[in-house]
Amino acid sequence: MLFRSVLASAVAAAALLSTPAFAQDAEALKAQVGAYVQPSNTERMNVLVAQLRAAGFNPTVETFEGGGRAGPMQGSNVVVTIGDGPKEILLTAHYDAVKLRDGTMSQGVVDNAGSVVALIEAAKILRDKPLSHRVRVIFFDQEELGLIGARKWIEAHGVANVVAVVNSDVAAYGDTMMYGQNNGAQSAFVTRATQELCAERALQCVGFPVYPPSDDRAFSAAGAPVVSLGFQDEIGAHQMWLAFNGGEDKGLAEGFTPKVFRVIHTKDDAIEAVEGATIALAGATYAALVQKLDAQLR
Ligand SMILES: [Zn+2]
């Protein structure tokens, strides 16, 4: 009976995945990520604002004087607010792309347009849910220049009302979610909520005691509870785990670089690497995590 029902649901799931509607959705999400291939971060911001408006949101653009190691340069964070309440949960991702060594812009789809489109999908889910917190979906600029957009947002708004932050960086292919565990004791409950969600959804997740930095570090430095998430294929996630956490005995071949680091910040960060199904999965997972935190922190 159990076997039969498992088989039946597997068949039903396979049918669902193979319906043209689902395939079309995945293709549409991939195309939406591809739209961020632009010659400048200003043009990426224009794409983001247009996509948010097309999805029915009314985004706010918050400019700041930034630039960091690139010298003075104005930046723009883009913010969508959902719901209301004195306390806030933030869902964040950077939309800027890095400048490559040859001076050209990275296409920046894996890093980080995939996360950007996943956040738009999450926002579309969350606006229909009853929430007891205000949810701010923030698209940061100048992450690649040293987390400047996030730092400037914290400078302007503070984190006194921020009860949790969910950040996404590098989420464009694969079915395995990675989460960092190195954001301080104040972040332990966000990590636990992430682990509960992985178990409830039977989602393959890999926790990283050492996880590469993103805008999450600006928030943990300010004392806010935060988790940083990403997606990739399962083998790649484990190879990356070993590269960062395996020490002397990591067992990776001499000179081996996990695929994700051969892709991001190179010419290979291109649309061919993106899987629309991952964008949909990431969006649904992030929305569910925000809902879980909203309920737990009520
Ligand atoms: Zn990034």
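This passage goes through the zinc site, one helix, the annotated domain and the disulfide of a predicted model.

The zinc ion is a good place to start. Its protein donors are His 94 (NE2), Asp 111 (OD) and Asp 169, which is listed with two OD entries, and they lie 1.9 to 2.6 Å from the metal. Along the chain, these donors follow the spacing H-x16-D-x57-D. Distant parts of the chain are linked here: His 94 sits in strand β3 (residues 88-94) and Asp 169 in strand β5 (residues 162-171), 75 residues apart. Both His 94 and Asp 169 are buried. As for geometry, the arrangement comes out as irregular because the four donor atoms subtend angles of 54 to 151° around the zinc ion.

Next comes helix α4, which spans residues 109-126. From first C-alpha to last, the 18 residues of α4 reach 24 Å, close to the 26 Å expected at 1.5 Å a residue. Most of α4 is covered, with 16 of its 18 residues buried.

On the annotation side, an unreviewed UniProt entry assigns residues 77-289 to "domain: Peptidase M28". That span is 37% helix and 22% strand, and its end C-alpha atoms are 23 Å apart.

Finally, the disulfide: searching the whole structure turns up one. The bond joins Cys 198 and Cys 205, whose sulfur atoms are 2.0 Å apart. With a torsion of about -90° about the S-S bond of Cys 198 and Cys 205, the disulfide is left-handed. Cys 198 is buried, as is Cys 205.

Terms used
Residues numbered from 1 in each chain as written. Predicted model: local features only at pLDDT ≥ 70, side-chain atom pairs only at ≥ 80, totals over all residues. Heavy atoms only, no water. Helix = DSSP H or I, 4+ residues; strand = E, 2+ residues; numbered from the N terminus. Expected span 1.5 Å × (residues − 1). Buried < 20%, exposed > 50% of the residue type's maximum accessible area, 1.4 Å probe, protein only. Donors = N, O, S within 2.8 Å, 3.2 Å for Na, K, Ca; no water. Tetrahedral: all angles 85-135°; square planar, octahedral: opposite > 155°, others 65-115°. UniProt positions renumbered as here; feature names shortened; annotations may be inferred. Disulfide = S-S within 2.5 Å.
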